[in-house]
Amino acid sequence: MRLEEDADGKVTASPRGGGMCKKGWTSPELLDHPQRLTGPLLRGEPVSWDEALDHVAAKVRAVQAAHGRDAVGVFGGGGLTNEKVYQLGKWTRLALGSRHIDYNGRFCMSSAAGALNRSLGVDRGLPFPKEDLEDAETVVLVGANPAETMPPFMRFLRNAELVVVDPRRTATAESAQLHLQSAPGTDLALANGLLHIAIEQGYLDHDYIEARTAGFDEVRQTAAGYWPAFVERITGVSVPDLYAAARLMAGKRTVILTARGSEQHAKGVDTVTAWINLALALGLPGRPSSGYGCLTGQGNGQGGREHGQKADQLPGYRSITDPAAREHVAAVWGVEPEAIPGAGVSAVELLRKCGDEVKMLFVLGSNPVVSAPRATRVADRLKDLDCLVSFDFVMSETARLAEVVLPVTQWAEEDGTMTDLEGRVIRRRSLRPAPDGVRSDLWIMKALAARFDAPGAYSDDPEAVFAELGRASAGGRADYSGISYARLEERTFQWPVPDPGHDGTPRMFTDGVFPTPDGRARFIAVDHRHPAERRDSVYPLYLTTGRVLTQYQSGAQTRLIDALGGTPDSEQFLQIHPDTAVRHGIGDGDLVRVTSRRGSYTAPARLTADIRPDTVFSPFHFPGAANVNAAVSDVLDPVSRMPEFKVCAVKIAPASRP
């Protein structure tokens with residue numbers, strides 16, 4: 001496979017091969033980076049592994065003796081391997097005996113997951129192979145910018161006409177046939193408006209609706225209220241563009257894909273549901289090169305939410321409140337069902353409890369001091385803990401607050417599996433030994449469990465853990481029981497894979513049956529509602545956030561790579577329309593203070609007509625005074641518990657102004 005890098009740092013491959021963006025291409029630089037952690041730290045001082053683990057175990061015992069089992073919590077990550085995710089959920093619930101576990105994936109795909117489960121009966125990002133996109137005639141990207149966030153994915157979209165929904169003219173929107181520049185927080189109204197037009201213009205697939213779905217009459221009545229002129233007033237998308245978008249989708253092989261721009265809202269589940277309703281009305285799911293899907297946002301964004309690190313979940317995508325699920329998993333773990341605690345709380349709610357109900361927290365593969373909403377308050381809550389333990393690779397902003405920092409192995413130094421956005425389980429093999437003094441997350445969990453004299457068995461062998469994961473997931477929605485390391489030596493598999501002779505499930509719903517009680521997909525009527533905060537005379541602009549090409553997540557790792565520095569995107573910035581800048585006395589490059597009702601951050605202005613005049617944008621990869629998440633809202637979606645990252649009301653002023 002031949003890789004080529006263009007002037008913008010995008011790395012692509014031949015059509016027959018894979019590819020990496022610059023972030024992936026440069027990631028090996030971190031393995032031997034001088035700032036890499038290579039030994040345990042206790043209050044910032046090097047100690048032996050025995051000293052560190054003995055201290056952690058003593059803290060756990062003391063905290064739980066004083067405050068109860070649930071006083072110790074765990075905050076996981078969507079980049080952990082399936083093996084780590086599985087054992088972490090088991091370790092939290094049995095070794096710690098706590099219900100308090102959740103993870104940063106709650107900030108990522110939880111709204112799409114909630115919508116998929118209630119509408120189609122199963123949450124798999126793409127219920128078809130991504131190669132099917134190459135034969136699609138139209139692809140609708142809602143709140144997605146893969147040209148910057150996942151550039152290799154763009155090769156699957158090269159044959160389709162693209163419709164991009166985004167308040168900014170992004171690199172992805174520049175390649176689109178049609179850019180719908182909707183106001184932040186209005187994508188639900190846009191979807192309902194397109195459904196209204198589809199009904200009006202006769203674009204519906206009535207045979208599909210009759211044979212495969214339920215609930216359309218109520219959705220039809222709801223859509224009747226979203227006439228085009230009304231939708232234009234809500235969204236800012238012109239009536240002609242609404243009709244043009246509907247025509248591009250009608251009667252064609254069309255795929256609708258949502259991402260964080262539409263999902264990170266206090267109505268994210270309902271917004272995704274509205275786009276699924278549109279897909280069902282057009283007869284797309286289960287048809288060749290057609291359907292609905294969502295794009296993942298982390299390295300193991302799909303697998304990370306399937307096997308137990310979510311507060312309400314057991315392995316195999318089982319509900320922790322389901323008695324049959326509890327009985328099955330308890331039998332695999334060798335305990336009684338009553339030994340498994342009940343559901344905990346979501347990530348934001350867990351962080352809010354720190355220092356109060358939760359006195360000690362383990363953080364693995366996450367940096368909530370930068371990535372969580374109301375980040376300044378999160379940092380204050382973590383400082384109030386009796387003990388913070390961080391499993392990390394570099395000294396992230398969260399690790400700097402930790403009493404104990406435990407250095408862990410990275411992708412090139414450990415075996416494991418990951419599951420991509422299409423439910424494909426992929427074997428990841430170790431390439432080199434870890435540095436002396438570094439241990440795997442699995443090894444640490446096993447060593448601590450031994451110090452707790454905990455129930456259940458814990459292994460530091462990824463293959464053994466994966467085999468147990470398979471048994472625990474058997475019969476669940478995400479069934480891995482037919483996959484083994486031996487089979488993965490030969491090929492990859494897309495779940496469900498219910499037995500060792502099964503070839504996997506590349507395409508779901510092709511038989512017209514959905515994994516719901518009656519086999520039918522569900523139309524669910526949803527109505528537009530305004531963001532939790534609306535613009536007003538004091539806070540006259542909307543702030544929205546996102547990613548840039550050269551940085552990833554909280555930036556704790558990418559900010560250390562020299563090759564990713566020195567670019568326009570390697571520092572924080574504020575994207576602002578020139579007309580808006582003039583009204584606020586701001587020039588290009590001026591340092592600007594952006595203030596919401598929760599906090600503020602500073603960033604140099606970058607003037608561009610590619611953003612709406614009522615909206616400003618900053619990426620979320622930067623810490624300290626530049627941390628946009630100090631300002632964003634932590635209002636939660638009632639179903640997914642997703643915070644409203646993507647829209648809040650702000651005011652702006654030159655930073656030099658008092």
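The legends below describe close-up views of a predicted model.

**View 1. Helix H4 and its surroundings.** Helix H4 spans residues 110-119 and is mostly covered, with 8 of its 10 residues buried. The buried set runs from Ser110 through Ser111, Ala112, Ala113, Gly114 and Ala115 to Leu116, and it also takes in Ser119. Among the elements that cover these buried residues are two helices, H12 (260-263) and H13 (268-281). Two strands, S12 (291-294) and S21 (521-522), are also included in that cover.

**View 2. The residue Gly121, just after H4.** Gly121 follows shortly after the end of helix H4 and has a positive phi of about 90 degrees.

**View 3. The cysteines Cys354 and Cys387.** Searching the whole structure gives 0 disulfides. Cys354 takes part in none, and its nearest cysteine sulfur, in Cys387, lies 12 Å away. A disulfide requires the two sulfur atoms to be within 2.5 Å. The sulfur of Cys387 is therefore too far for a bond, since the closest cysteine sulfur, that of Cys354, is 12 Å from it. Both side chains belong to buried residues: Cys354 has a relative accessible area of 0%, and Cys387 has a relative accessibility of 1%.

**View 4. The cis peptide bond between Trp495 and Pro496.** The peptide bond that joins Trp495 to Pro496 is cis, with omega at about 0 degrees. Pro496 sits in the loop that runs between strand S20 (493-494) and strand S21. Strand S21 (521-522) is also one of the elements covering the buried residues of helix H4 in the opening view.

**View 5. Arg43, a non-glycine residue with positive phi.** Arg43 has a phi near 50 degrees, which is a positive value in a residue other than glycine. Its place is the loop between strand S3 (41-42) and strand S4 (45-46). Arg43 counts as exposed because its relative accessibility is 55%, and the cut-off for exposed is over 50%.

**View 6. Tyr317, a non-glycine residue with positive phi.** The phi of Tyr317 is near 65 degrees, again a positive value outside glycine. Tyr317 lies in a loop, with strand S13 (313-314) on one side and strand S14 (318-319) on the other. With a relative accessibility of 8%, Tyr317 counts as buried, whereas Arg43 in the preceding view counts as exposed.

Definitions and conventions:
Residues are numbered from 1 along each chain as its sequence is written. This is a predicted model: local features need pLDDT of at least 70, side-chain atom pairs count only at pLDDT 80 or more; totals for chains, interfaces and linings use all residues. Side-chain values use heavy atoms; hydrogens and water are left out. Buried means under 20% relative accessible area, exposed over 50%, partly exposed in between (1.4 Å probe, protein chains only). Helices (H or I, at least four residues) and strands (E, at least two) are DSSP runs, numbered from the N terminus. Contact means heavy atoms within 4.5 Å.
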